[in-house]
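Work through the exercises below with the model open beside the text, and try each task before reading its solution.

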Amino acid sequence: MRGRKTNLLGLSLWLAATSLQARNSARDCVDSFQDDQAVAMCLYGVYYKGNKDGATRILEEQIERHPSSGWLHFVRGNMADRSARKKYYEKALQLFREHRDYSGQIRVLGRIAVFPEGFKETYKVGALRLKEAREILEDQGLGRLDQADLLMYEARHSALQGDDLDSAHSKLNRAWQLMEEDPAADYPSKRECLRTLTEISLGLQLNDAAENLAWQAVELTRQEGDPSEEASALYDHARVLRAVQAPNHLTRPKVVHRLEDALRLAVETGGITTEIYIRQMQVQMLAQRQDVDPAQVETHLERICTLATPEVVGFERLPKFQEICLLAQAHYRLKTDRNEARRLLEDVYQVRSQFKEIWELLDSWGTYLPLVWGTQPLERALAESEAILDTIEDLRRSQIGDARQRLLSAWADAYYWVAGRLLKDGTQGDNLRRAFAFFDRLRAQALREAIELGRPSAQELPEALSGQLKTLKEEQIRVHRRRLLNLASNGEEDKQVLDRLDQLDRKEAELRSQMAPYRQSVPALPEIPDDLLDRLEDSLDPDEALLSYQIGHWEGYDGGFAGGSWVVAVTSVGSRAYPLVAGRAKLETVVKLYFGQEDYGNPEYVARLYFQLLKPVIDDLPTSVRRLILVPDGLVHRVPFALLRPSDQQPPLIERFELAVAPSAYLWLHWRERGQHSPSAGSAALALANPAFWSSLTTDPPRDEGLIRNSKLGPLPFAEMEGRRVIDHFGGGSLMASGKAASESYLKGLDLEMYRIVHFAAHAVVPGQPWRSAVLLAAGEHPEDGLLHPAEIGRLNLAGKMVVLATCKSATGEVLRGEGVLSLSRAFFEAGAHAVVGSLWPLDDWHALQFFDAFYGRLSRGLSVGQALTETQREWIENGEPPHSWAGIVALGNSDLIPAPNGIPKPYLSPSGGIIFLLFMTLAALLWRLWLAWRSFPPHRLYDLRESDR
């Protein structure tokens with residue numbers, strides 16, 4: 001048989017799966033189908049739905065009658081314990097090869113690859129099996145479901161190793177799409193695909209997707225009439241809810257309700273494994289609460305430990321379930337009998353030595369760490385905590401692409417818990433120093449690696465790979481253009497464009513995985529020094545303070561301590577931690593409400609943010625402090641600190657302090673220790689202003705004008721004037737490119753060593769997916785498209801420079817706990833920049849011209865980035881300018897950087913020339929205001945996207 005036999009066979013397989021909605025009898029499979037493959041898959045469906053003994057018995061009868069059927073042996077291997085699978089899989093593979101059944105070969109090779117432990121296979125051998133399966137698929141040109149099967153096995157193989165989860169996620173998405181498109185897709189495969197896709201989405205902090213996928217799995221099991229798997233799916237959904245939603249009076253009952261429904265179904269259907277996991281989570285949620293009847297917890301504990309026996313779960317899985325039993329008991333006894341909890345913990349150590357499944361070990365940290373800290377000496381507790389965090393970081397370092405940035409965020413609560421637990425026992429001294437190291441150990445790890453290690457060198461790619469990459473890039477260009485121009489006239493077309501972008505992203509992730517062997521391996525990042533806090537105190541001047549935030553929950557779903565929200569204030573005379581009464585949920589709510597208002601200066605929310613984030617610290621700082629370095633966390637990255645104040649009668653924070661924002665304390669120290677002056681050999685500025693992005697889309701001027709008018713990205717009439725003012729301030733050697741000349745190919749071809757400052761006065765797009773963000777330039781020479789994406793920015797040589805992004809939302813984007821903001825600004829740091837000036841919200845074209853003209857005027861006199869920005873913002877406050885025009889502009893990174901240490905000599909301007917210039921600027925301002933009035937866009941609505949926003 002070459003591939004799947006016929007469409008008729010595909011239909012029979014579909015009927016075999018769907019008929020099980022009304023029939024769970026294994027005998028019915030034999031009576032209803034003649035084809036061995038259909039019978040085998042039908043029996044597997046019966047087995048999967050809970051009738052394990054009946055399905056296994058009938059299948060063994062069929063094997064005796066049809067010993068040459070590879071499918072019967074294959075499915076029997078799926079039903080067997082891991083230790084017994086080898087003989088069935090090897091026999092099935094032999095038979096599939098004899099009969100040239102390529103679909104069967106792909107399936108059995110995939111199963112061998114993802115279940116290697118039971119028969120001494122290694123992951124390396126598993127990879128060879130998958131390679132063989134991939135060659136079969138490509139040589140035989142098999143169908144969609146064969147592709148889906150192989151993609152799922154490849155993804156699971158990556159996930160089990162903890163390697164390249166980004167590629168695994170992409171493959172699973174593709175596999176699920178293929179399964180949805182084909183009615184012959186079997187139910188067990190669809191269920192397994194959804195389960196794995198949910199887990200990996202959660203691990204990559206794709207929270208909305210994980211929650212949606214988990215509920216899709218629930219609906220799938222209900223459609224199939226499978227109460228056993230419905231119990232498992234409800235449990236998975238409860239786990240996802242607990243991971244992605246803040247614990248409160250609304251979410252906790254929702255999770256409890258899911259678990260109760262799941263437990264009822266698991267007990268009714270005899271789902272022993274599912275029942276154990278459900279009861280384990282219930283113990284976790286109840287054990288530390290004061291309002292819970294102890295008998296309820298005891299019932300769960302007794303049942304877990306009764307089931308965790310070799311007679312019930314088998315010897316192979318016994319250690320895993322014994323650990324669950326012991327951990328659950330110890331966690332509960334911690335509240336009443338610490339000695340007993342300590343004894344149980346010693347038993348956990350003994351059991352853990354018998355298995356080393358990385359995901360199982362990491363998933364239990366929430367129970368394990370409180371137990372260790374509640375029963376062990378401080379140094380032992382710290383060592384155990386370090387071991388868990390080291391495991392998380394090793395797992396993250398094994399990733400490439402987007403997963404390298406995302407993975408740590410999934411485990412941020414472990415860091416929060418350890419740091420908060422230390423601070424709970426003392427906000428000064430050794431506890432503070434240790435806690436601060438944990439604070440910053442979490443911060444911006446992927447960014448730190450990019451900065452410390454520089455851009456990796458690469459071997460030349462094989463022609464096949466480089467050709468695929470070129471083709472992919474060209475199609476991405478076409479689809480991105482369509483999206484940016486808003487050509488989709490209705491919601492369905494828009495969805496199709498976004499779906500195609502997702503498909504292209506998945507292809508790119510797969511290519512990136514194939515290209516990995518040709519990239520230079522990344523050595524381990526130097527660890528955060530234990531004396532980081534001491535070094536910071538030594539580095540800070542008497543007028544400086546560094547404020548580092550941790551935004552966590554005070555109470556978890558179990559009612560126990562969850563790490564809390566803190567701010568650590570570091571000064572030259574000492575440091576101290578302050579608890580923030582409002583935990584993460586309340587702070588995030590206030591930030592979201594603030595950005596939901598039309599007025600960025602709304603006094604209610606400005607004051608609330610001030611009291612929740614700053615009040616405890618500001619009142620306690622030395623009177624000499626005039627400068628704050630802020631290290632935010634979570635949604636605090638989006639807060640416009642410059643605007644915060646306790647009331648309308650008091651000045652905003654920027655009038656009291658110079659402000660700077662850093663992604664981590666370690667990186668700020670890194671930049672500080674490398675000096676205040678730019679190491680760049682050049683002394684000039686480069687400005688790319690009002691790029692003709694549209695010129696790369698069409699050569700038809702009338703149509704071009706229509707596209708601009710109908711798109712969300714309008715003209716920037718003052719951007720070119722802004723670029724000229726930058727050049728005027730920095731004098732000889734400075735260069736401006738505008739229109740078609742301000743192209744992506746031009747920028748990439750420049751020797752950027754010649755310039756201290758790179759200024760972009762252009763449009764930027766910041767969609768939901770960070771990797772699709774871009775500064776919009778003209779395209780220039782083929783194959784550039786004018787979309788300067790983060791990956792391309794990271795390859796520019798911007799070592800030691802200052803970059804100004806006079807574009808919309810360049811300092812904002814998706815926020816990951818720990819890693820920070822995946823913004824355009826971040827990409828310029830990866831390229832080596834030391835300071836980036838960006839914006840938290842849209843910039844008005846006219847205001848940007850005026851603001852940055854004043855800012856560069858101060859820079860050119862020898863002020864630092866932070867000083868120039870602060871003085872400009874204070875001037876605008878004094879002039880009564882609205883907050884939206886200045887408060888969102890922030891200095892990121894090393895705001896001590898001085899681009900012009902000795903100042904820039906100013907050219908002589910005659911009185912007549914000065915008068916002409918002033919008249920011109922006045923006339924331009926008047927015309928601008930008249931145009932605004934005519935267009936009916938009042939100044940207080942400038943945050944809306946419109947033709948003059950960037």
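**Exercise 1.** Which residue just after H6 takes a positive phi?

Solution. Just after H6, the residue with a positive phi is Arg100, at about 55°. The structure is a predicted model, in which local features need pLDDT of at least 70 and side-chain atom pairs count only at pLDDT 80 or more, while totals for chains, interfaces and linings use all residues. Residues are numbered from 1 along each chain as its sequence is written, and side-chain values use heavy atoms, with hydrogens and water left out.

Turn next to helix H6 itself, residues 82-98; helices (H or I, at least four residues) and strands (E, at least two) are DSSP runs, numbered from the N terminus. The expected span is 1.5 Å times one less than the number of residues, so the 17 residues of H6 should span 24 Å, which agrees with the 25 Å between its end C-alpha atoms. Buried residues (under 20% relative accessible area, with a 1.4 Å probe and protein chains only) in H6 include Tyr88, Tyr89 and Phe96.

**Exercise 2.** Describe the surroundings of Ser201.

Solution. Begin with its location: Ser201 lies in helix H11, residues 187-203, and is buried, with a relative accessible area of 0%. Then look for polar contacts, that is, pairs of N or O atoms within 3.5 Å, where within protein one must be able to donate a hydrogen and the other to accept it, and residues adjacent in sequence count only if both atoms are side-chain atoms. The side chains of Ser201 and His169 are joined by such a contact of 3.3 Å, and a polar atom of the Ser201 side chain lies 2.8 Å from the backbone oxygen of Leu197. Finally, if residues up to four places away in sequence are not counted, Ser201 touches (heavy atoms within 4.5 Å) His169, Leu206, Ala210 and Leu213.

**Exercise 3.** Explain how strand S12 is enclosed, and identify the strands to which bridges join it.

Solution. First consider burial: 5 of the 5 residues of S12 (residues 802-806) are buried, so the strand is largely enclosed by the rest of the structure. Next separate the faces, of which one carries Met802, Val804 and Ala806 and the other Val803 and Leu805, all of them buried. Then trace the pairing, for which DSSP must find at least two bridges between two strands. Strand S8 (residues 755-761) runs parallel to S12 and is joined to it by 5 bridges, with Ala761 opposite Ala806. Strand S15 (residues 835-839) also runs parallel to S12, through 3 bridges, and Val836 in S15 is the bridge partner of Val803.

Methods
Buried < 20%, exposed > 50% of the residue type's maximum accessible area, 1.4 Å probe, protein only.
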